Amino acid sequence: MTKELTSAYPALRASLFQKMDLPEEFKPATLSEGRRILASMSVARRGLSLAYRVTDGGGSSDVNEFINFDWTFPQYGGRRVWFLCPRCGRRRGVLYMGRRVVCRECLNLAYPCEQSRFDKGWALHGRWLSRIKDGKPKRMRWRTYDNLSAKVARRAVSRMQPFLASMRRRGLVGQTTLPDYMGGG
Ligand SMILES: [Zn+2]
């Protein structure tokens, strides 16, 4: 369940730029998720520069990162845009915005211990969640459903907190980004 690890970081998807008519010269834009502005950026055909602030208990730091685009030309026609990960240089569809902007592999390389501890706790949580994620199943009693929902929420919060705290200490995440159903915001 590596998905939850990366949910602590806003994801930046190359597909976002796929259909954009990218200018030759850099043009300013903002990157937002819902109503939250994630970063300001300048974008051009050759890549984008991102600027945002990571805030934690110990203070905040400004991140400035340049990401090169790479283009491939699939056999079925058209062209596809990719990022080149600023850390490993490999072609990636998604990068994550922490203190640096990196791909999932680079993120996991940097924090392998948090990753495995994190995964174990999430296995049980995932089983509970899979039973109720689409709402109350017809045959389940409301009491069982309520108990499971409460357990999922409590476990999510208690599992997330140490992990997020350690990420926050390293300045990698600003605020808690728990999904709504886990009681975060
Ligand atoms: Zn990488």
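Let's start at a hairpin: strand β6 (residues 80–84) and β7 pair in the antiparallel sense, with 2 bridges between them. Phe-83 sits across from Arg-92 in β7. The two strands of this hairpin have 6 residues between them, and Gly-89 adopts a positive phi near 75 degrees. Bear in mind that this is a predicted model. Strand β7 (residues 91–92) is where confidence in the protein is highest, at a mean pLDDT of 96.

**Confidence across the model**

The average pLDDT of the protein is 76, and 68% of the residues score at least 70. At the low end is helix α1 (residues 3–7), with a mean of 44. Residues 1–5 have pLDDT below 50, and this stretch makes 8 contacts in the model beyond near neighbours in sequence. Residues 176–185 are also below 50, and that stretch has 15 such contacts.

**Overall layout**

The protein contains 5 helices and 9 strands. Along the sequence, they follow the pattern α-β-α-β-β-β-β-β-β-β-β-α-α-α. Of the 185 residues, 20% are buried. Looking at contacts between residues at least 6 apart in sequence, 40% link residues at least 24 apart.

**A second hairpin**

Strand β2 (residues 27–33) pairs with β3, again in the antiparallel sense, over 7 bridges. These two strands form a hairpin with 2 residues between them, and Gly-34 in the turn has a positive phi of about 65 degrees. Two residue pairings help to place the strands: Ser-32 has Ile-37 of β3 as its bridge partner, while Ala-29 stands opposite Met-41 in β3. How many of the 7 residues of β2 are buried? The number is 0, so β2 lies largely in the open.

Here are the strand pairings with their bridge counts, gathered for quick reference:

| Strand pair | Sense | Bridges |
|---|---|---|
| β1 and β8 | antiparallel | 3 bridges |
| β2 and β3 | antiparallel | 7 bridges |
| β6 and β7 | antiparallel | 2 bridges |

**The three-stranded sheet**

Strand β8 also takes part in an open sheet of 3 strands, ordered β1-β8-β9 and paired in the antiparallel sense. Why is one side of β1 (11–13) and of β9 left without a neighbour in the sheet? Both stand at the edges and each has a single partner strand, so one side of each has no neighbour there. Between β1 and β8, Leu-12 is found opposite Leu-95 in β8.

**The nonpolar core**

Leu-95 turns up again in the largest nonpolar core, which has 16 residues. Those that touch the most other members are Ile-67, Leu-95, Tyr-96, Met-97, Val-101 and Val-102. Two or more residues of this core come from each of β3 (36–44), β4 (47–56), β8 (94–97) and β9 (101–102). The largest share, 3 residues, is given by β8. As a general point, nonpolar side chains in soluble globular proteins tend to be buried together.

Which residues does Ile-67 touch, not counting residues up to four places away in sequence? They are Gly-47, Leu-48, Leu-50, Phe-83, Leu-84, Pro-86, Leu-95 and Val-101. Phe-83 in this list is the residue already met opposite Arg-92.

**Two helices brought together**

Towards the other end of the chain, Ile-132 belongs to helix α4 (residues 112–132), and Val-152 to helix α5 (residues 142–169). Along the chain they are 20 residues apart, and their C-alpha atoms are separated by 9.3 Å. Setting aside neighbours within four places in sequence, Ile-132 is in contact with Tyr-145, Leu-148, Ser-149 and Val-152.

Is Val-152 buried or exposed? Val-152 has 21 other C-beta atoms within 10 Å, so it is buried. Ile-132 has 19 C-beta neighbours inside 10 Å and therefore counts as partly exposed. The cut-off that matters here is 20 or more other C-beta atoms within 10 Å for a buried residue.

Conventions. Residues are numbered from 1 along each chain as its sequence is written. This is a predicted model: local features need pLDDT of at least 70, side-chain atom pairs count only at pLDDT 80 or more; totals for chains, interfaces and linings use all residues. pLDDT is the predictor's confidence in each residue, from 0 to 100. Helices (H or I, at least four residues) and strands (E, at least two) are DSSP runs, numbered from the N terminus. Two residues are in contact if their C-beta atoms, placed from the backbone, lie within 7 Å. A residue is buried if 20 or more other C-beta atoms lie within 10 Å of its own, exposed if 12 or fewer, and partly exposed in between; C-beta atoms are placed from the backbone. A nonpolar core is a set of buried Ala, Val, Leu, Ile, Met, Phe, Trp, Tyr and Cys residues joined through C-beta atoms within 7 Å. Two strands pair if DSSP finds at least two bridges between them.
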